[in-house]
Amino acid sequence: MKFTFAAEDTIIGIICGLLLIGLTGRFFSLKLSNIVYVLAFIAYIIFLLLDIVNEAKDLTTHFGFIVFSLAHSIVDLGIAAAFVSYFSGWNIPYVTANFVPYLKNEALIFYAGMFLVIGNVIWLILYPFLD
């Protein structure tokens, strides 16, 4: 279940990762309103959930691809939920108590952004070979 094409969640993941990298100011500075980050990560969560449903429906692909794709989507979902809670102040059970305290460290925000960018770029490169 995708809206337009198979790699739409990876593109949004790359954008969210770049927003985080820009927030830290390591390579470039991009400090926006918290609502922009909340909306970006909520959109990312929606596309991740659609990706998980899509992977569960299409079990004809290589088993390793499905397992790694689901694992990556679940990790990305945790990161996205943590940043929604962090930027919005909403209390998300389990996420707010266990993940948000780590986001007080700017280095971890940078590494989360790098994980989103690098991981999703790899999936973007792999999609043509796996579909």
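**Warm-up**

Gly 89, whose phi is positive at near 85°, follows helix α3. Keep this glycine in mind, as it returns in Exercise 2.

This is a predicted model, in which local features need pLDDT of at least 70 and side-chain atom pairs count only at pLDDT 80 or more, while totals for chains, interfaces and linings use all residues. Residues are numbered from 1 along each chain as its sequence is written, and side-chain values use heavy atoms, with hydrogens and water left out.

**Exercise 1. The overall build**

Find how many helices and strands the chain has, then compare its radius of gyration with the globule rule.

*Solution.*
- Step 1: Helices and strands are DSSP runs numbered from the N terminus (H or I, at least four residues, for helices; E, at least two, for strands). The chain has five helices and zero strands, so by this definition the elements read α-α-α-α-α from the N terminus on.
- Step 2: The radius of gyration is taken over C-alpha atoms, and the globule rule is 2.2 Å times the number of residues to the power 0.38. For 131 residues the rule gives 14 Å and the chain has 15 Å, which is close, so the chain is as compact as a globular protein of that length.
- Step 3: Along its principal axes, the C-alpha trace spans about 40 × 35 × 25 Å.
- Step 4: Take contact to mean heavy atoms within 4.5 Å. Among contacts between residues at least 6 apart in sequence, 69% join residues at least 24 apart.

**Exercise 2. Helix α2 and its buried residues**

Check the end-to-end distance of α2 against its expected span, then work out what Val 38, Ile 45 and Glu 55 touch.

*Solution.*
- Step 1: The expected span of a helix is 1.5 Å times one less than its number of residues. With 24 residues, α2 should span 34 Å, and its end C-alpha atoms are 35 Å apart, which agrees. As a second check, α3 (residues 63–88) has 26 residues and reaches 37 Å, close to the 38 Å expected.
- Step 2: Sort residues by relative accessible area, with a 1.4 Å probe and protein chains only (buried under 20%, exposed over 50%, partly exposed in between). The buried residues of α2 include Tyr 37, Ala 40, Leu 48 and Asp 51.
- Step 3: Val 38 counts as buried because its relative accessibility is 4%. Beyond four places in sequence, Val 38 touches Val 84, Phe 87, Ser 88 and Trp 90. Here the glycine comes back: Val 38 and Gly 89 are 51 residues apart in sequence, with 9.9 Å between their C-alpha atoms.
- Step 4: Ile 45, also in α2, is buried at 19% relative accessibility. Leaving out neighbours within four places, Ile 45 is in contact with Leu 77, Ala 80, Ala 81 and Val 84.
- Step 5: Glu 55 is in α2 (residues 34–57) and counts as buried at 6%. Not counting residues up to four places away, Glu 55 touches Phe 65, Ile 66, Ser 69 and Leu 70.

**Exercise 3. The nonpolar cores**

Which helix gives the most to the largest nonpolar core?

*Solution.*
- Step 1: A nonpolar core is a set of buried Ala, Val, Leu, Ile, Met, Phe, Trp, Tyr and Cys residues joined through side-chain atoms within 4.5 Å. The largest has 25 residues, and those with the most contacts inside it include Cys 16, Phe 41, Phe 83 and Leu 116.
- Step 2: α1 (8–24), α2, α3 and α5 each supply at least two residues of this core. The answer is α2, with eight residues.
- Step 3: Apart from this core lies another, of five residues, among them Ala 7, Phe 65, Trp 123 and Tyr 127.

**Exercise 4. Rings**

How many aromatic pairs does the structure hold, and what is the geometry of Tyr 94 and Phe 99?

*Solution.*
- Step 1: Rings of Phe, Tyr and Trp (its six-membered ring) pair if their centres lie within 6.5 Å; planes under 30 degrees apart count as stacked, over 60 as edge-to-face and the rest as tilted. The structure holds eight such pairs.
- Step 2: Tyr 94 and Phe 99 are edge-to-face, 5.8 Å centre to centre with 90° between the planes. Tyr 94 is exposed at 59%, whereas Phe 99 is partly exposed at 33%.
- Step 3: One aromatic cluster is formed by Tyr 37, Phe 41, Phe 83, Tyr 86 and Phe 87.
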